[in-house]
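User: I'd like to go over how some of the labels on this structure are earned. Could you walk me through the reasoning?

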Amino acid sequence: MEIPYYPGCTLNTKGKGFDYSVRASARELGLELVELETWNCCGATFPLLVDNMLDLAGPARVLVSARQAGRRLAVACSTCYNVLKRTNRVIREDEDSREKLNFFIEADYSGDLEVLDLLQILRDDIGFDRIKEAVKKPLSGLKVAAYYGCMVLRPPSEVAYDDPEHPRALDDLITALGAEAVDYSHKGECCGAYLAVKSAEVTAEMSFTILASARRSGAELVVTNCPLCQFNLDRVQEAGGKMQEARGRVQDARGRVQDSRYAGFQPIPVLYFTQLLGIALGLYSEGFELDRHYVDPRPVLSNYLNEQARS
Amino acid sequence: MRVKLSAATLRSDLVRRIEEISGQDLLACYQCGECSAGCPVAFAMDMLPSQVIRLVQLGQVEEALDSETIWFCAACQTCYARCPKGVDLSRIMEALREIALQERGDHLDIAAIRPEELAEFPQQAFIGGFRKYTS
């Protein structure tokens, strides 16, 4: 099965391990992702003002390019998925916006594209049963926390393909890979996202809340679908880094210094879900870039990585 | 806090503009507090999300603009997903940010971002941040 694919900016640069593991895993499962011939940045946030047509122009151009390639579009980055899916809905359902956008980007697009998250394709088109059969290195004994973040859950009416308060898709994939999906309270809680550029202390607190919840449930590993979540959750734990200093004390907007509840926290690796999928499919290679993570996931995964790649 | 209400402040041009660009009915909110209870950034805010919409309902827009809360909102939309009245508070936060950016200037000094952060952060952090904190 062939399907047009939009990698997005981060997967094309700092999230190459995500992109590589997405393509390798998909190919192994009989899904050929064909990168769009032309694409640009989706804008990284969906504009929330009803008259903000300008910030819809970028994602609208991506949709036009995707529609030329087919009727469905696969997106692996959950933020890109969110922005493209919501922009597509505006074009499809709001005539005034559709006319303005088409005039502005010199196109004639009606919004008749289906924007799909890769996890959704794995669940609905490939099927987790088939993935389970394709597993070469079952991840038995591994306790994994599925972290969904915001982008595939909210707003539920526009983007969710799962229960927005109790999502299952990623947990079910983890189970299909032979690992144990731990239940914990913060799988859909925001990590702070772009707040990182304004207030690293606050995103540190938010990320630690999520990680501590996962740890308390016995997880040894967190998997996610969003490059910014991966970055926030992973970097906050960097040993010896500046973020580590924020661990004991957090300053809020009133200048109050709060003692963090997470001092003494045990670092937990944060992977893209496709890295874990690829490892279970026996595809692990240097292209997964596990060496680029702040918390090295290789010790936890040592039983499951290929012999030849382990050195 | 003592607030003097009048027809002119309750339905000021600024209040109407917030309603128009956010696409939200401010008076639909009946102050149940679900948004504040579920907000993952509330711990860092100087005013709860439900208090921000209450101020705007009462026409006290300048006070809302003074609040750091509008800049701590990460647009995660948990408030909107759980609001029993279907109010998208993150759109009201965005409307307040937009007005603050236009009237008071940028909230983030891009030139002050450290080179090591530029090298490390994923693109989407900057693009998202620039869209929310600069005009």
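Analyst: Here is a short run through confidence, a helix pair and the chain contact; keep in mind that this is a predicted model.

User: How do you know that the predictor is confident in chain B?

Analyst: pLDDT runs from 0 to 100, and chain B averages 96, with 100% of the residues at 70 or above. For the complex, the predictor gives an ipTM of 0.96 and a pTM of 0.94.

User: Why is α2(A) called oblique to α13(A)?

Analyst: Helix α2 (residues 16-28) and helix α13 (residues 273-280) of chain A pack at about 45 degrees, with their axes 8 Å apart. Roughly parallel needs an angle under 35 degrees, and roughly perpendicular covers 65 to 115. The value fits neither range, so α2(A) counts as oblique to α13(A). As for handedness, α2(A) passes α13(A) in a left-handed crossing.

User: Which residues make that contact, and what classes are they?

Analyst: From α2(A) come A:Gly17, A:Phe18, A:Ser21, A:Val22, A:Ala24 and A:Ser25, and from α13(A) come A:Thr274, A:Gln275, A:Leu277 and A:Gly278. By class that's four nonpolar, six polar and no charged residues. Gly counts as polar here, so A:Gly17 and A:Gly278 go with the polar group.

User: What makes up the side of chain B that touches chain A?

Analyst: The contact takes 38 residues from each of chains A and B. In chain B, α2, α6, α7, α8 and α10 each supply at least two residues, and α10(B) gives the largest share, 10 residues. By class, this side of chain B has 22 nonpolar, nine polar and seven charged residues.

How values were computed
Residues are numbered from 1 along each chain as its sequence is written. Chains are lettered from A and ligands numbered from 1 in the order in which they are written. This is a predicted model: local features need pLDDT of at least 70, side-chain atom pairs count only at pLDDT 80 or more; totals for chains, interfaces and linings use all residues. Two residues are in contact if their C-beta atoms, placed from the backbone, lie within 7 Å. Helices (H or I, at least four residues) and strands (E, at least two) are DSSP runs, numbered from the N terminus. Axes are lines fitted to C-alpha atoms, for helices over the stretch in contact, and angles run from 0 to 180 degrees between N-to-C directions. Angles under 35 degrees count as roughly parallel, over 145 as roughly antiparallel, 65 to 115 as roughly perpendicular and the rest as oblique. A crossing is left-handed if the near helix is turned anticlockwise from the far one by less than a right angle, and right-handed if clockwise.
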